[in-house]
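Work through the following exercises with the structure open beside you, and try each task before reading its solution.

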Amino acid sequence: MPEGDTVWNTARVLEKALQGDLLTGSDFRVPQLATTDLSGWTVAESASRGKHLLLRLTRDDEQPLTLHSHLRMEGAWRAYAPGERWTARPVHLIRVVLRTARSVAVGYHLHELALYPTADEEQHVGHLGPDLLGADWDAEEAARRIAAHPGTTIAEALLDQRNLAGVGNLYKAETLFLRGLWPWTPVSQVADLLGTVTLAQKLVASNRGRWTQTTTGSLRRGETSYVYGRRAKPCRRCAGPIQKDEKGERITYWCARCQPRPA
């Protein structure tokens, strides 16, 4: 599942494959960009902002452009050598192909795929809160934004990208377990919001640069999480059964003993 660290890692893959290179061709398979040709543009930078990917492009004296994509639940980018078979996903899920002399980048099942002047980036991502993996990370600001909505549950507050950018279901569940917080606790009843967002950032940052996500410190299969993905399995602390609640894309795992409902 793409979360802040996965998107950051993907940006590094595209950076290695494309940055500094001239695009020799592009193929957009979405209606709004179907006739767009980026041939002749150079990939100047591959950046991430929370769960958003930003490929910044330049060409001579023209206004720089940003190719913006969002991975959501299913999206992915893969890099291939020219002539290599594209094996990551079915062909019908391809949304864009970018070619250079040495690489081919293929975007699968991307959302919010858009091309706009780089000068307009703030209009598209300026609403996001402090980026957990960005130079702008500010735990106090993230806590302030969460506190501004005291009636919101702490689980929803952590997922709201306007509060802090980069937390998904996995890090939400693991952060709340480690803090001993019932997921539906109102923000107003969370004693230490600063400590909560600080821990979330540390968990995400600890997995930057690798694809295996762990919050326990173990990289062994079946040992990488405390509660996430462990429905009905014994809690690693109290041995009670892990619970699961699922509403659309909002999936929550928790331990009823270690994360009791507030009195």
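Helices and strands are here DSSP runs, a helix having at least four residues and a strand at least two, and they are numbered from the N terminus. The model is a predicted one, and the chain contains 6 helices and 10 strands.

**Exercise 1. Place Asp60 in the chain and describe its backbone and its exposure.**

Begin with the position: Asp60 lies in the loop that runs between β3 (52-58) and β4 (65-70). Next, take the backbone: the phi of Asp60 is near 50 degrees, which is a positive value in a residue other than glycine. Finally, turn to the surface, where a residue counts as exposed when its relative accessible area is over 50%; Asp60 has 76% and is therefore exposed.

**Exercise 2. Carry out the steps of the previous exercise for Glu112.**

Glu112 belongs to strand β8 (residues 111-117). Although Glu112 is not a glycine, its phi is positive, at about 55 degrees. Its relative accessible area is 40%, so Glu112 is classed as partly exposed, a class that lies between the 20% and 50% cut-offs.

**Exercise 3. Check the length of helix α1 (residues 4-18), and then examine its burial and what follows it.**

With 15 residues at 1.5 Å a residue, helix α1 should span 21 Å, and because its end C-alpha atoms are 21 Å apart, the expectation and the model agree. For burial, the buried residues of α1 are Gly4, Asp5, Thr6, Val7, Asn9, Thr10, Ala11, Leu14, Ala17 and Leu18. When reading such a list, recall that an α-helix has 3.6 residues a turn, so residues three or four places apart point the same way. After α1 comes Gly20, whose phi is positive, near 85 degrees.

**Exercise 4. Assess the overall form of the chain, and say how its radius of gyration compares with that of a compact globule.**

For 263 residues, a compact globule would have a radius of gyration near 18 Å, and the chain has 20 Å, which agrees. Along its principal axes, the C-alpha trace spans about 60 × 40 × 30 Å. Buried residues make up 50% of the 263 residues. Of the contacts in the chain with a separation of 6 or more, 59% are between residues 24 or more positions apart.

**Exercise 5. Describe the exposed surface and the placement of the charges in the chain.**

The chain exposes about 12500 Å², of which carbon and sulfur atoms supply 48%. As for charge, the chain has 34 positive and 29 negative charges, and their mean positions are 11 Å apart.

Notes. Residues are numbered from 1 along each chain as its sequence is written. This is a predicted model: local features need pLDDT of at least 70, side-chain atom pairs count only at pLDDT 80 or more; totals for chains, interfaces and linings use all residues. Side-chain values use heavy atoms; hydrogens and water are left out. The radius of gyration is taken over C-alpha atoms; the globule rule is 2.2 Å times the number of residues to the power 0.38. Buried means under 20% relative accessible area, exposed over 50%, partly exposed in between (1.4 Å probe, protein chains only). Contact means heavy atoms within 4.5 Å. Accessible areas come from the Shrake-Rupley method with a 1.4 Å probe; for residues, only the protein chains shown count as cover. Lys and Arg count as positive and Asp and Glu as negative; His and the chain ends are not counted. The place of a charge is taken as NZ of Lys, CZ of Arg, CG of Asp or CD of Glu. The expected span of a helix is 1.5 Å times one less than its number of residues.
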